[in-house]
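This report describes one protein chain, moving from an internal space to the cores, a helix and some individual residues. Please keep the structure in view while reading.

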Amino acid sequence: MPLIPIGEAGRWTNYHGTGVCENAARFALRSGDAARGRDELAIAAAAVRDWLAAAQREGKRVRPLGAGWSPSNVNICSDAWLLHTRRFNRCFRVASGDVRPGVDAAGLMLVEAGALVDEVSDKLEEQQRSLWTSGAGNGQTFAGAAATGTHGSMVVRGGIQDHIRAVQLVTPGGVHWIEPAAGVMSDAFIAATGSVPLRDDDVFAAAQLPIGALGIITALVVDSVPKFLVRPIQNLRKVDRVAIDWLAAGDFRRFSAAYALDRDPDFVQMIVNPYKPFKRPSDAAFPLCRTMARRLRPGDAGPARRGL
Ligand SMILES: Cc1cc2nc3c(=O)[nH]c(=O)nc-3n(C[C@H](O)[C@H](O)[C@H](O)COP(=O)(O)OP(=O)(O)OC[C@H]3O[C@@H](n4cnc5c(N)ncnc54)[C@H](O)[C@@H]3O)c2cc1C
């Protein structure tokens, strides 16, 4: 049984204790032991659809939960049925025969919705691959992090949701496999997951960042990059006001060239005292400055640091 009730209806409090669901009946979606991911998804998606139908019959609102980390009230819903997805967390490799012609399967991974960002990173690392960014913590579920647009810090990359290439979404009306119009997974693979393909750029964009509002996400196809190292440079610096304008204009390269490495940085952070950001008479800020630049190859230390 992939979907089971847990405990009596009652109170559920989110991770930060910022919100409480009253009179919540709780259920858990759990991974099985099928050899192939597509078979797991077919079983789980059918169970979720039955659960939604039962909730509809009972006149209950529903809310899927990831790790419950959102400090806002997006994971709060009273007099409702809550679906804990945290134990639905297996990850599977994607074979070249599972994708459409012309799609490179090398960096793709099939991820059950409740897998933590941390767990996905571990699985990718086994293949010498990596997410290109993640949040400050990595205990969110992949679906929950994507649903709320959890952002990382990579300058030229988007948030967690930008890793997604396809989504399995369950609604009372059906099990949908949502992809961009160009498509990603083969029709045979999608059929085996018990889903109907929906290839549309706008629908896919909505499914990447749905805030729990479109339906229950049961699985995602996640993209990755080859594993990489970064060179972090961190120190207290005197930063001129004009350099803050460069940051405001998104000219991170210029900032990095002046204060760290003469290279496009992948990450830039300035931590200032908000009560006294500038010191007179120099009119400069003295923040804790941190930049990170990707090493181009193992052992590459990057060019010499500037102005230290
Ligand atoms: C220590 C810590 C560090 C953090 N760092 C960052 C950071 O660096 N950057 C940042 O942007 N945020 C950060 N956050 C916020 C966090 O990433 C988000 O709150 C994220 O939503 C948490 O994911 P979750 O799995 O806990 O989702 P939940 O809080 O459980 O749910 C969030 C939303 O997603 C929906 N949802 C969850 N699972 C599904 C599903 N399977 N199908 C459909 N909808 C679903 C829920 O219904 C809800 O609306 C941090 C939080 C903590 C506690």
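## The largest cavity

Sorted by class, the residues lining the largest cavity comprise five nonpolar, two polar and one charged. The model in which this cavity is found is a predicted one. The lining consists of I233, N235, F255, Y259, A260, C289, R290 and T291. Two or more of the lining residues come from each of the elements β13 (230–236), α7 (252–259) and β17 (288–294). Of the elements, β17 makes the greatest contribution to the lining, with three residues.

The space enclosed in the largest cavity is about 30 Å³. The count of cavities of 30 Å³ or more comes to one. As general background, rolling a probe the size of a water molecule over the atoms shows where empty space is left.

## Overall architecture

The protein chain contains seven helices and 17 strands. Its C-alpha trace spans about 70 × 50 × 30 Å along the principal axes. Of its 308 residues, 45% count as buried. Among contacts between residues at least 6 apart in sequence, 65% join residues that are at least 24 apart.

## The nonpolar cores

In soluble globular proteins, nonpolar side chains tend to be buried together. In this model, the largest nonpolar core has 33 residues, of which L3, V48, W51, L83, L110, W177 and M185 touch the most other members. Two or more residues of this core are supplied by each of β2 (20–29), α1 (37–58), β4 (80–84), β8 (164–171), β9 (174–179), α4 (187–192) and β11 (216–222). The greatest contribution is that of α1, with nine residues.

Which residues does W51 contact, leaving aside its neighbours within four places in sequence? The partners are L3, F27, V62, W81, L82, L83 and I216. A second core, separate from the largest one, holds 23 residues, including C91, L124, A145 and I178.

## Helix α1

From its first C-alpha to its last, α1 reaches 31 Å, close to the 32 Å expected for its 22 residues at 1.5 Å a residue. The buried residues of α1 are G37, R38, E40, L41, A44, A45, A47, V48, W51, L52, A54 and A55. Among them, V48 and W51 are also listed with the residues that touch the most other members of the largest core. Just after α1, G59 adopts a positive phi of about 70°.

## Individual residues

Most residues other than glycine have a negative phi. N23, which is not a glycine, nevertheless has a positive phi near 50°. N23 lies in strand β2, and its relative accessibility of 39% is between the 20% and 50% limits, so N23 counts as partly exposed. Q128 is likewise not a glycine and has a positive phi of about 60°. Q128 is located in the loop between α2 (117–126) and β7 (129–130). Its relative accessibility is 51%, and a residue over 50% counts as exposed; Q128 is therefore exposed.

Is S96, in the loop between β5 (91–93) and β6 (109–112), buried or exposed? S96 has a relative accessible area of 64%, which is over 50%, so S96 is exposed. S96 and M185 are separated by 89 residues in sequence, while their C-alpha atoms are 9.6 Å apart in space. M185 is one of the residues that touch the most other members of the largest nonpolar core.

Methods: Residues are numbered from 1 along each chain as its sequence is written. This is a predicted model: local features need pLDDT of at least 70, side-chain atom pairs count only at pLDDT 80 or more; totals for chains, interfaces and linings use all residues. Side-chain values use heavy atoms; hydrogens and water are left out. A nonpolar core is a set of buried Ala, Val, Leu, Ile, Met, Phe, Trp, Tyr and Cys residues joined through side-chain atoms within 4.5 Å. Buried means under 20% relative accessible area, exposed over 50%, partly exposed in between (1.4 Å probe, protein chains only). Helices (H or I, at least four residues) and strands (E, at least two) are DSSP runs, numbered from the N terminus. Contact means heavy atoms within 4.5 Å. The expected span of a helix is 1.5 Å times one less than its number of residues. On a 1 Å grid over the protein atoms alone, a cavity is a set of points where a 1.4 Å probe fits but cannot get out, and a pocket is an open set with protein on both sides within 12 Å along at least five of seven lines; lining residues have an atom within 4 Å of a point. Grid points are joined across faces, edges and corners, and a volume is the space filled by probe spheres set on the points. Ala, Val, Leu, Ile, Met, Phe, Trp, Tyr, Cys and Pro count as nonpolar, Asp, Glu, Lys and Arg as charged, and the others, Gly among them, as polar.
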